[in-house]
Amino acid sequence: MQTKIARREPLFHISKNDAMPFGKALAIRICAILAALLVVGILSMILIKENPLLIYMSMFEGAFIDVWTLFQNTALLLIFGLAVIPAFQMKFWNLGANGQVLAGCLAAIACMKFLPEKYPEISNTVLILIMAIASILASCIWSVVPAIFKAYFNTNETLFTLMMNYIALALVDYCVFTWDKTGSGNLGIVNLLNGRKGWIPDISNKYILSIIVAVVLTAFMFIYMKYTKHGFEVSLVGESVNTAKYVGIDVKKVIIRTLLLGGLICGILGFLYAGSVSHTINKEVGGLGFTAILVAWLANFDSLVMLLTSFFVVFLDAGSKYVSTQFQLNSNDYANIVVGIIFFFVIGCEFFIRFKIQFNNKKTSNNERVGE
Amino acid sequence: MKKLLALVLALVMIMSFAACGTKKTETSGSDLANVKVGLITLHDDSSTYDKNFIDAMYRALDNLGMSKEQLVLYTGIAETEDCYNKAKECVNQGCNVVFADSFGHEDYVIQAAGEFPDVKFCHATGTKAHTVNLPNFSNAFASIYEGRYAAGIAAGMKINEMIDAGKITADKALMGYVGAYTYAEVMSGYSSFYLGAKSVCPSVKMNVKFTGSWYDYDKEKAAAESLIKGGCVLISQHADSYGAPEACEAAGVPNVSYNGSTKDVGPNSYIVSSKIDWAPYYEYMIKCTAEGKEIDKDWTGTVETDSVQLLEINDAVAAKGTKEALDKALEDFKAGTLKVFDTANFTVGGKKLDTYKADVDTDEKFEKDTEVITDGIFEESKYRSAPYFDVEIDGITLLDRNYG
């Protein structure tokens, strides 16, 4: 403590709290969720005029009504999150996952639609391989362009990646208009009635593939970030660019390499959307890029914790939508409100975990005065 | 957990059966009690398009003496795999017939129909039912071009009134139309509207602008404003927002609406609106399901089935005698004496249209495959329920295509 203190102190001050015990942090998070559920319960009672317990039960039932979809959606959101984690760890605020996945998916769909038309003999395996390569290439272009500009011209990556999203959206719009010959602005499921060319064959069912990919990528990302030299370099650049430079790390190289990795994962995801999940392209495909940022933050950029956070978000979304269905609200508003409230509390409680609030009550002031 | 779930499910089922038991029953009441309907909509009831589908469903259930518990309603379902997933969830919840309301849902419904052969799947505005030929997948639409034609008569009469009052001369009789896409459904709509107006006001011409979106308030408003600036003295639209009606009210230009009355935002400009009532189709679809009958591959509602309706006429704006004229038109449609696309009433490039092939089969070829003119009549909605009139007729100028 400093020896000189002002006469009047603020009521409290906030300091960073790096070492909160795990148990205490968990307790705070649980309290936040309970408080959120309480508020949701009261609101539900006012809005739906039903017993909140019944509503919670319906939420639970709804989330698990289709377990495969629940897990697949979790897996897709998780992969989205994995794509942004390395950049975030480096404090490179990549908001462009949406656009990167869209660009990849668009490239894959283009192959899926036009290659069989041009080369009818093309085998499905070759087509799927080409789709994967095209998707990864397109996504990597979308992620590496902002990275190069950041590395060499120090442009603002937040705005740059955001703008790349809009370019991808406009491109998708343009392609759908050009490719769709009916003029309705809708591509439909590509090759549904055409031998399902370019569709990745199901592994017992069509959901498992995304889940397997998510598990493998999560394990990879966990090891990459924690136990490899690359991962160490990424966190060092995130801590301090100058320190990184001092110890001889090529910061430009690290930035570009890390964003390429993000692009690669987005490319895989775009390929999954095209070949296994949606089989079409429109502005809504993917579309989880911004939710993924939330999921990544909530998990503190830890890929294993992100398993939980992405499941939590998907569970909430599915459950609250089911409540709207079950109680015939005829509207999406309720689901949006519920998800909003719970996020508010969960994100809000992170403040109390990451920071310490110290009240400057009289007692400490007196003690300090004695010291003076 | 499974036990609890099972218990909850069992309770819900018992409650829903109990609810059915107390309802008044009709002849096929017992069969109807076993029907559970799934409804999947693109937006929720804040969109006029989807509200029309949702409201009609409750009316249909009511008409059939069915309870609300027999409906599973999913709102806000995107035109992606989400639609397929929700169709599957409807089946998981015991639905034996599932209906989706948006054009882009079609492929996902077909996908689900292939997987659940015991459940019937129906889709509004789609085109593929007769091409994919699945026994449990059907399309439905209505001859809304008849409603548009009638609304066009109201527009023509209003313009006649302006000419008679000396506000405009006959050669300045120009209407404006805000369309979504250069797509057959829209083209059929504005062409029939134009022909209706022309039937009472021969000198009328029309300009069309496209927004490139089914729902975009700003673009629709901007398109209407630009049409008005370009000299249009009356506006109609095929798009789902209040954009065009509000622009008309602000400019004091009469408006003919679609899918719902817009009198509340345009008390001094709204004339009349045509709309599709989906309740008759829902009732037909539910009855077929209850009786185990096959649903028509392509069902087209008409004035006769009460699927095509005209909504309230605003006497403050509409020309005198509008109600009588519209009633007569609807009667003539019912009697079959009035044909919207009679080739005697329009020309293409200055010539009468004697033969025309339309792309009725939606397949990979996108070929004009079916002759649709017989005995001088372009037979819209005969070979499939969704419109296929995509002819650009004289008197209508497209100011742009797809995009605004």
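This report describes a predicted model with chains A and B, beginning with chain B and ending with the confidence of chain A.

**Chain B as a whole**

Chain B contains 12 helices and 17 strands, and its C-alpha atoms fill a box of roughly 75 × 45 × 40 Å when the box is taken along the principal axes. A compact globule with 404 residues would have a radius of gyration near 22 Å, and chain B has 22 Å, so the two agree. Of the 404 residues in this chain, 54% count as buried. The contacts can also be viewed along the sequence: among those in chain B between residues at least 6 apart, 68% join residues at least 24 apart.

**The open sheet of chain B**

In chain B, six strands form an open sheet in the order β2-β1-β3-β4-β5-β11, and their pairing is parallel. Strands β2 and β11 (298-301) of chain B stand at the edges, where each has a single partner strand, and therefore one side of each is left without a neighbour in the sheet. From one strand to the next, the twist averages 20°. In general, the strands of a sheet pair through backbone hydrogen bonds, and the pairing may be either parallel or antiparallel.

The table sets out three strand pairs, two from chain B and one from chain A, each with one pair of residues that face each other across the bridges.

| Strand pair | Bridges and direction | Partner residues |
|---|---|---|
| β1 (37-40) and β3 (97-100), chain B | four, parallel | B:G38 and B:V98 |
| β6 (174-179) and β7 (205-210), chain B | six, parallel | B:G176 and B:N207 |
| β1 (12-16) and β2 (355-359), chain A | five, antiparallel | A:I14 and A:I357 |

The cover over these strands can be described as well. Strand β6 of chain B is mostly covered, with five of its six residues buried, whereas strand β1 of chain A is hardly covered, since the count of buried residues among its five residues is zero.

**A buried cysteine beside the sheet strands**

Which residues, apart from its neighbours within four places in sequence, is B:C90 in contact with? They are B:G38, B:V72, B:C95 and B:V98, and two of these, B:G38 and B:V98, are the bridge partners already listed for β1 and β3 of chain B. B:C90 itself has its place in helix α4 of chain B. It counts as buried because it has 28 C-beta neighbours inside 10 Å, where 20 or more are needed. Although B:C90 and B:V72 are 18 residues apart along the chain, their C-alpha atoms are separated by 6.6 Å.

**Where the chains meet**

Between the two chains, 36 residues of chain B are in contact with 29 residues of chain A. On the side of chain B that touches chain A, the elements that give two or more residues are α1 (2-22), β2 (71-74), α4 (81-92) and α5 (106-115) of chain B. Helix α4, which also holds B:C90, is thus one of the elements on this side. By class, the side of chain B that touches chain A has 15 nonpolar, 11 polar and 10 charged residues.

**Confidence in chain A**

Chain A averages a pLDDT of 89, and 95% of its residues score at least 70. Over residues 364-372 of chain A, however, pLDDT stays under 50, and for this stretch the model has five contacts beyond four places in sequence. Where pLDDT is low, the predicted coordinates should not be read in detail.

Key:
Residues are numbered from 1 along each chain as its sequence is written. Chains are lettered from A and ligands numbered from 1 in the order in which they are written. This is a predicted model: local features need pLDDT of at least 70, side-chain atom pairs count only at pLDDT 80 or more; totals for chains, interfaces and linings use all residues. Two residues are in contact if their C-beta atoms, placed from the backbone, lie within 7 Å. Ala, Val, Leu, Ile, Met, Phe, Trp, Tyr, Cys and Pro count as nonpolar, Asp, Glu, Lys and Arg as charged, and the others, Gly among them, as polar. Two strands pair if DSSP finds at least two bridges between them. Axes are lines fitted to C-alpha atoms, for helices over the stretch in contact, and angles run from 0 to 180 degrees between N-to-C directions. The radius of gyration is taken over C-alpha atoms; the globule rule is 2.2 Å times the number of residues to the power 0.38. A residue is buried if 20 or more other C-beta atoms lie within 10 Å of its own, exposed if 12 or fewer, and partly exposed in between; C-beta atoms are placed from the backbone. pLDDT is the predictor's confidence in each residue, from 0 to 100.
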